[in-house]
Structure formats: C-alpha cells, structure tokens
Amino acid sequence: MNKVFVIIGRELRQRLRRPSFWVLTLLVPVLLAALYALPVLTANHAAKRAVVLVVDESGLFGQGLESTAEVAFQPMADIPHARQAMDGDRKIDAILYVPMRETTIPRDAFLIHRGKAPSLALQSMVDHQLQTLLRNAILMDVYDLSPAVYHSVESTHIRLRTQEAATGRESFVQVKTVVAVVMAVLMVLALLIFGVQVMRSIQEERQSRIQEVVVSSVRPVQLVAAKIIGVALTALVQIVLWILLTVALIKVVECCNPALFEQARQQQSVHQLASKGAEATAQYANPVQLVDEAVRGLTAINIPLVASLFLLFFLLGYMLYGALLAALAAKLDSDTESLQWVLLVASPLLVALVLAPLVVASPSSTLANLLTWLPFTASAAVMLRLPFGLPIWQIVLAAFLLVLFASMALVWASRTYRRHLLSY
C-alpha cells in the first residue's frame, strides 16, 4: 500500500513542478479579480458628455428632449445650419434629424454623425427618449390619456409565489432552478477537465515507458487508481489556491480604492430598473429586493448537504470517467483519435445538460429518475434535482450504482493498461 502512496505523491509532485500549473493557478485569480473590478472602474470613469444637435421637422420631439449628464441636446433651425455647425465644431458628436411627417406618426429618425459612429450608449439614450415622447404623444392625442395614468396601470403587477402546503414555506423555484443548472454545468466541466488530465498522464507514460518500471512493484489496478487519485489531489490543490488567491486579490483591489467600490455599492442599491417603453414595477424597482430574494432562496436550500453531495458525486463520477478515459489512453495511439473518443465518452453528460430544462421543469418525472439511476448521467442529474428535494433512497441508489460502475471501469482500465502498454 505504501507503494501506491508513492505513485500518488509522484503524480502530485510531477504536476506541481510544471510551470503551466502555476501559470494557470496565478492567471485565473487575476482574471476573476479583473472581472470583478473592471466594471466598477469603467462605470466610474468620467466619460465625455456627448453634444447632439436636434432638427425636428415633425414638431413632436424638439421641445421634449431632455439633456442629461451623458448627452446635451441643442435645437437647430434646419439641416444646413446644423451641418455647418457640426463641421465648425469638433465637440459636436451628431445631428438628430426627424423629417417632416408624411403620416400621423413619424416612422424614421436619423442620427447623422461625422467620421466615427456614435456609441451604442448614446444611440440607446436617444432612442429611449424618442420612444417615450412618441408614446406620450399618442396617449394624449389619440386616446386622451395622460402618461401618468398609463404608467400607473402599466406598472401594476401581481406577484405569484410558490408555497409548500405542509410547511407553508416559500419554494423559491426560480432560485433553485438557477442553482441546479449552475451546479450541473460545473459538475460536467469538472468531470471532463480532470478526466482528461488522467488521460494525458497515461499518454505521457506511453512515451516515457516509466510504467514498465513502476508495474514491477504494484499491480496495474493499483497503478491506475493511484494516477486517478493523484490527479484529483492536484485539482483540489489548484481549486483551493484559486479560491484563496481570488479572494485575496479582490480584497487588495478594494483596499486600494475603498471609496470607489463603496460608491458603486450605493449606486447599485438605489439603481432603478427600467426597460424601453415601460417603467419597472415598484415592488421590483430596487435591486436590493432582488438580492434579498436570491439570498432567501439560497437559505431555503440546505447548502451543507448540497455541497457534500456535490463533492461525493464529483468524486464518484470522476472515478468512473477517469477510469474510462485512462483505458482509452492506454488503447489508442493517435491524439486525434483520442479526442474523438473523449467526445463519445462525454456524450451522456452532454445529453444530461441538453435535457436539463425538462429535468428542472419536472424533477420527479420518469426521465429525471432514469437520468439519476444511469451512472453515466447520475452526477449531473442529481445536481439538477437536488435543490428541489431528492428522496434519500434515490441518492443512495445513484451513489451505489456509480460505485459499482466505477469499480468495473477501474478493473477494465487496469486490464486494458496491462494488455496494451505492458504486453503481458
């Protein structure tokens, strides 16, 4: 048994010594910290205020367009004067031209620019104001309805909640659906990434022939199992380092400019949700309420149980797919052929993701049960069903079948390893 631990240690040390391991370990936290900090930094960056000349021949928009901190509207008499002003002043970004109405409702408006096209943000702001003014004009002129009355009706919604009959607790189906899909995707990615690492380890030994020396001391099944465990420990070390370094970098970035990030949090807490042509519902107007809804939904999930089962089914699924990929690596010579077989082996996991909408829509259906009991899809299916409540006997049955098939796959991998690499 000590020799198995020696092989595990060798696999771990061999990967920890690779520059690519440390480059990736250091690069991923930097990228994650940048994704966290860049939106805040760019949002607080002072952008140049755009200047737009307005030529409104329709008479519907010219007086209603309101200048903001991002754009300043300046009315002009006609297009020739506006073009002359834009040619003489580089600070003018564009001309908003609304032609004379051929029908009751104007159908086109033009944002005339010089050289570089206006930004999408500027186009969106101008378009939003035009749509709002046109809608208000139609409400008042055609339907004799004030915009305030229309908004009060439009922003009225009833909120549908799901509640358990026995306990009276809210179900938070939307939050659980998001959690289920995210966990299933993470499970599939983890199984494929770390399973392929086992495959690469076997392929490297095919070239170095080191297995012929090692197998003289241990059995092939012990050697394959040790390799799978060694890669798993390497992945665990990398994931822990990613978490610790990402948290540390985020704290460093926040400490460099705490006022900026505090301002961003305050702006987010008071930011009003809006969509084109419609006001946000008052009960959903504050993102803090949405965050609170998500937090309460997460607390309705047994996080320690979900995390423990995620780890359990990852390890079992990893043993199954790691053994299958190790057998393929021992049997196949061409890297191109190996890649094709990897896609074939991984196809059950991909099928589980494709069927994810059906599983989360009906977690107790026959399809969901079959995916749970099929060892090749069990790891992903359990994650899809777990937030909605999964009977203990089904969890135990899925884990038992995974252990059984993983053991069979490990035996098959060791025999394939011995037959194709050791030739005895």
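This passage describes a set of paired strands and two surface patches in a predicted model.

The strands are taken up in turn, beginning with S1. Strand S1 spans residues 50-56, and seven of its seven residues are buried, so that the strand is mostly covered, where buried means under 20% relative accessible area. Its side chains point in two directions: Ala50, Val52, Val54 and Asp56 lie one way, while Val51, Leu53 and Val55 lie the other way. The residues of both sets are all buried. Asp56 is thus listed among the buried residues of S1, together with Ala50 and valines such as Val52 and Val54.

Strand S1 pairs with strand S2, which covers residues 71-75. The two run parallel and are joined by five bridges. Within this pairing, valine 52 has phenylalanine 73 of S2 as its bridge partner. Strand S2 also contains alanine 72. This alanine has a relative accessible area of 11%, and because buried means under 20%, alanine 72 counts as buried. Alanine 72 and alanine 50 are 22 residues apart along the chain, and their C-alpha atoms are separated by 6.2 Å. Alanine 50 is itself one of the buried residues of S1.

Strand S1 also pairs with strand S3, again in the parallel sense and over five bridges. Two of the residue pairs can be named. Valine 54 has leucine 96 in S3 as its bridge partner, and valine 55 is partnered by tyrosine 97 in S3. Strand S1 therefore has parallel pairings with S2 and with S3, since two strands pair if at least two bridges are found between them.

Strand S3, residues 94-98, is mostly covered, with five of its five residues buried. Both of its faces are covered. Ala94, Leu96 and Val98 are on one side, and Ile95 and Tyr97 are on the other. Besides its pairing with S1, strand S3 is joined by four bridges to strand S4, residues 110-113. Strands S3 and S4 run antiparallel. Here tyrosine 97 stands opposite phenylalanine 110 in S4. Tyrosine 97 is thus matched with valine 55 in the pairing of S1 and S3, and with phenylalanine 110 in the pairing of S3 and S4.

Two patches were found on the surface, one nonpolar and one positive. The nonpolar patch has an area of about 410 Å² and is made by Val23, Leu27, Val30, Leu31 and Leu249. Helix H2, residues 19-43, gives the most to this patch, with four residues. Leucine 31 is found in helix H2. Its relative accessible area is 48%, and leucine 31 is therefore partly exposed, as this class lies between the buried limit of 20% and the exposed limit of 50%.

The positive patch is formed by Lys331, Arg415, Arg418 and Arg419. Its largest share, three residues, comes from helix H16, which spans residues 392-422. Arginine 419 is placed in helix H16. Phenylalanine 405 also has its place in this helix. At 29% relative accessibility, phenylalanine 405 counts as partly exposed, because the buried class ends at 20%. The C-alpha atoms of phenylalanine 405 and leucine 374 are separated by 9.9 Å, and the two residues are 31 residues apart along the chain.

Technical notes:
Residues numbered from 1 in each chain as written. Predicted model: local features only at pLDDT ≥ 70, side-chain atom pairs only at ≥ 80, totals over all residues. Heavy atoms only, no water. Patch = residues over 30% accessible without salt bridge, like charges linked within 9 Å, V, L, I, M, F, W, Y side chains within 5 Å. Areas by Shrake-Rupley, 256 points an atom, 1.4 Å probe, with all protein chains shown as cover. Salt bridge = Lys/Arg side-chain N within 4 Å of Asp/Glu carboxyl O. Lys, Arg positive; Asp, Glu negative; His and termini not counted. Charge placed at Lys NZ, Arg CZ, Asp CG, Glu CD. Buried < 20%, exposed > 50% of the residue type's maximum accessible area, 1.4 Å probe, protein only.
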